[in-house]
Amino acid sequence: MITIRQEEKKDHQQVFQLTEEAFREMEHSDHQEQFLVEKLRESKAFIPELSLVAEDEKGTIAGHILFTKIKIVNEEKSFASLALAPVSVKREFQNQGIGAKLILEGHRIAEELGYESVILIGHEKYYPRFGYKKTSNFGISFPFDIPEENGMAVELVKDGLKDRKGVVKYPHEFGID
């Protein structure tokens with residue numbers, strides 16, 4: 001039995017450890033995700049309601065997801081959006097649908113809070129099941145080179161990215177300035 005709830009201060013150490021563990025063996029990782037979560041928690045981009053944990057009946061944190069504020073910027077305008085980064089699931093809980101539950105609950109809360117879209121860099125075979133499509137389909141690009149199939153976005157509401165072309169602008173905590 002897994003419960004999804006908002007992360008609390010008492011969860012921070014467990015979340016740090018599970019994030020480090022979840023990305024330790026990942027080939028396409030700088031292995032700094034646990035530090036990114038800590039930095040983002042202290043940033044203006046942080047939205048407490050969108051830092052979620054998956055907890056089992058014993059109180060063990062099995063997973064964590066974080067959505068933070070970003071912008072899509074072009075020469076004329078700037079549009080609010082969210083970055084999904086990172087999503088982490090403890091090894092012994094992987095392949096049980098916990099990541100999916102975190103993503104779907106995060107989408108629900110984000111929409112409730114008035115956000116219209118989410119952008120991520122992730123596995124091209126995993127995220128499309130949640131409605132993610134290539135950002136290039138929306139005229140959105142990244143401020144660095146990534147394989148086109150790994151940059152993805154989802155509209156949380158109908159036409160949430162219509163006419164929102166531009167480049168993703170991350171908070172400086174991502175280290176992408």
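Student: In this predicted model, where is the place of Asn-150?
Tutor: The model is a predicted one. Two strands flank the residue, namely strand 7 (140-141) and strand 8 (151-155). Asn-150 therefore has its place in the loop between strand 7 and strand 8.

Student: Is Asn-150 buried or exposed?
Tutor: The relative accessible area of Asn-150 is 15%. A residue counts as buried under 20%, so Asn-150 is buried.

Student: Which residues does Asn-150 touch, not counting residues up to four places away in sequence?
Tutor: With sequence neighbours up to four places away set aside, the contacts of Asn-150 come from another part of the chain numbering. They are Leu-120, Ile-121, Gly-122, His-123 and Glu-124.

Student: Where is Phe-142 found, and is Phe-142 buried or exposed?
Tutor: Phe-142 is in the loop between strand 7 and strand 8. Its relative accessibility is 12%, and the limit for a buried residue is under 20%. Phe-142 therefore counts as buried.

Student: Which residues does Phe-142 touch, not counting residues up to four places away in sequence?
Tutor: Leaving out residues up to four places away, Phe-142 touches Thr-135, Gly-151 and Met-152, among others. Its contacts also include Val-167, Val-168 and Tyr-170. The remaining names in the list are Ile-119, Leu-120 and Ile-121.

Student: How many Å apart in space are Phe-142 and Tyr-170, C-alpha to C-alpha?
Tutor: In sequence, 28 residues separate Phe-142 and Tyr-170. Tyr-170 is nevertheless one of the residues that Phe-142 touches. From C-alpha to C-alpha, the distance in space is 9.3 Å.

Student: In what order do the elements of the chain run from the N terminus on?
Tutor: The chain has 3 helices and 9 strands. From the N terminus on, their order is β-α-α-β-β-β-α-β-β-β-β-β.

Student: What is the radius of gyration of the chain, and what does the globule rule give for 177 residues?
Tutor: For 177 residues the globule rule gives 16 Å. The value for the chain is close to that, so the chain is as compact as a globular protein of that length. The radius of gyration itself is 15 Å.

Student: Among contacts between residues at least 6 apart in sequence, what percentage join residues at least 24 apart?
Tutor: Of the 177 residues, 49% count as buried. Taking the contacts between residues at least 6 apart in sequence, the share that joins residues at least 24 apart is 67%.

Student: Why does the span of helix 1 (residues 12-24) agree with what 13 residues should give?
Tutor: At 1.5 Å a residue, the 13 residues of helix 1 should span 18 Å. The C-alpha atoms at the ends of helix 1 are apart by a distance that agrees, namely 18 Å.

Student: What covers the buried residues of helix 1?
Tutor: The buried residues of helix 1 are Val-15, Phe-16, Leu-18, Thr-19, Glu-21, Ala-22 and Phe-23. Their cover includes helix 2 (33-41). It also includes strand 2 (46-56), strand 3 (61-73) and strand 4 (78-89).

Student: At what angle do helix 1 and helix 2 pack?
Tutor: Residues of helix 1 including Val-15, Phe-16 and Phe-23 meet residues of helix 2 including Phe-35, Val-37 and Arg-41. By class, this contact has 5 nonpolar, 3 polar and 4 charged residues. The axes of helix 1 and helix 2 are 8 Å apart, and the packing angle is about 145 degrees.

Student: What covers the buried residues of helix 3?
Tutor: Helix 3 (residues 98-112) reaches 21 Å from its first C-alpha to its last, close to the 21 Å expected for its 15 residues. Its buried residues include Leu-102, Ile-103, Ile-109 and Ala-110. The cover includes strand 1 (2-6), strand 2, strand 3, strand 4, strand 5 (117-121) and strand 8.

Student: Which peptide bond is cis, with omega near -15 degrees?
Tutor: Most peptide bonds are trans. The cis bond leads to Pro-86, a residue that lies in strand 4. It is the bond from Ala-85 to Pro-86.

Student: What is the phi of Asn-95?
Tutor: Most residues other than glycine have a negative phi. Asn-95 is found in the loop between strand 4 and helix 3, and counts as exposed at 83% relative accessibility. Although Asn-95 is not a glycine, its phi is positive, at about 65 degrees.

Methods
Residues numbered from 1 in each chain as written. Predicted model: local features only at pLDDT ≥ 70, side-chain atom pairs only at ≥ 80, totals over all residues. Heavy atoms only, no water. Helix = DSSP H or I, 4+ residues; strand = E, 2+ residues; numbered from the N terminus. Expected span 1.5 Å × (residues − 1). Buried < 20%, exposed > 50% of the residue type's maximum accessible area, 1.4 Å probe, protein only. Contact = heavy atoms within 4.5 Å. Axes fitted to C-alpha atoms, helices over the stretch in contact; angles between N-to-C directions. Nonpolar A, V, L, I, M, F, W, Y, C, P; charged D, E, K, R; others polar. Rg over C-alpha atoms; globule rule 2.2 N^0.38 Å.
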